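Open your viewer and get the selection tool ready. We will walk through this model stop by stop, beginning with the ligand.

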Amino acid sequence: MRDFTLQRDMMIREQLEYRGISDPAVIAAMRAVPREEFVPADVRAYAYEDGPLPIGEGQTISQPYMVAYMTEALELSRGDRVLEIGTGSGYAAAVLSRIVAEVHTVERIAGLAMAARERLDRLGYTNIRIHVGDGSLGWPDQAPYDAIVVTAGAPEIPQPLTEQLATGGRLVIPVGLNLTFQTLVRVRRTGKDDYSREELMAVMFVPLIGAAGWESR
Ligand code: SAH
């Protein structure tokens, strides 16, 4: 719809570029993915508002800026294989899939995973594989990954995720001992047993629930 194309262009200028998102691949991906298709019909009119939106099951689709920021922070290249934890609506997976070769995404709520799969098939995304399970343990079957992004907040960095990074790989994850507020952290695997860690910014995400997430405490 023409109106949504205009709103998307405005979102890119006012919410992304104005705040410093500058990677051309990220901007192009954010322009290519129709966010209005990833939100429930009753909030479609707000698809390009500057915030998260409810997607059912008590979960949310992240703010467009947060999706762009995390995607940029992953420092992606064309041939990369990426793992996302927290499929939700499938929106962030769709954005990632426009930049890299292959996206694996894990969701613990089967109903959300099914809806995302149906939606991504309908929209013609062919390089995304959706898995149902506890993503706090990663998805060892397809490891290692060049980049891993977690779109839910963890009490600490899950060790299975750092172990599933390729050497040189990047993990971007909200971390903190509070169920609502976290610090976005980037971990880089610099060698077999060497990692570096940077704190990027304060964020708010729904909790990562699982064996290496919140259920374990
Ligand atoms: N990336 C999503 C936003 C998802 S919100 C989007 O673009 O729409 C976070 C999601 O993480 C929720 O759907 C929640 O169910 C899921 N989640 C929470 N804990 C999880 C876990 N251990 N494994 C997989 N998914 C998890």
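On this tour, a residue is near a molecule or strand if one of its heavy atoms lies within 4 Å of it. The model is a predicted one, where local features need pLDDT of at least 70, side-chain atom pairs count only at pLDDT 80 or more, and totals for chains, interfaces and linings use all residues. Numbering starts from 1 along each chain as its sequence is written, and side-chain values use heavy atoms, with hydrogens and water left out.

**Stop 1: the ligand and its shell**

Select the ligand and the 26 residues around it; E84, S89, E107, G135 and I209 come nearest. By class, this shell has 12 nonpolar, 10 polar and 4 charged residues (Ala, Val, Leu, Ile, Met, Phe, Trp, Tyr, Cys and Pro count as nonpolar, Asp, Glu, Lys and Arg as charged, and the others, Gly among them, as polar).

Now colour by secondary structure, with helices (H or I, at least four residues) and strands (E, at least two) taken as DSSP runs numbered from the N terminus. At least two shell residues come from each of β2 (59-61), β3 (81-85), α4 (91-97) and β4 (102-107). Which element gives the most to the shell? That is β2, with 3 residues.

**Stop 2: close-up on the ligand atoms**

Show S89 as sticks: an N or O atom of its side chain is 2.6 Å from an oxygen atom of the ligand. Add E107, where a polar side-chain atom also lies 2.6 Å from a ligand oxygen. For I209, turn on the backbone, since one of its N or O atoms there lies 2.7 Å from a nitrogen atom of the ligand. The protein buries 99% of the 580 Å² that the ligand exposes when taken alone (accessible areas by the Shrake-Rupley method with a 1.4 Å probe).

**Stop 3: a salt bridge**

Next, select D9 and R31, whose side chains meet in a salt bridge at 2.7 Å, N to O. The pair links distant parts of the chain, with D9 in helix α1 (residues 2-16) and R31 in helix α2 (residues 24-32), 22 residues apart. The count comes to 12 salt bridges, each being a side-chain nitrogen of Lys or Arg within 4 Å of a carboxyl oxygen of Asp or Glu.

**Stop 4: two backbone details**

Most residues other than glycine have a negative phi, and most peptide bonds are trans. Go to E57, in the loop between β1 (53-56) and β2: not a glycine, E57 has a positive phi of about 60°. Finish at P144, in the loop between β5 (128-132) and β6 (145-150). The peptide bond from A143 to P144 is cis, with omega near 5°.

Definitions and conventions:
A polar contact is a pair of N or O atoms within 3.5 Å; within protein, one must be able to donate a hydrogen and the other to accept it, and residues adjacent in sequence count only if both atoms are side-chain atoms.
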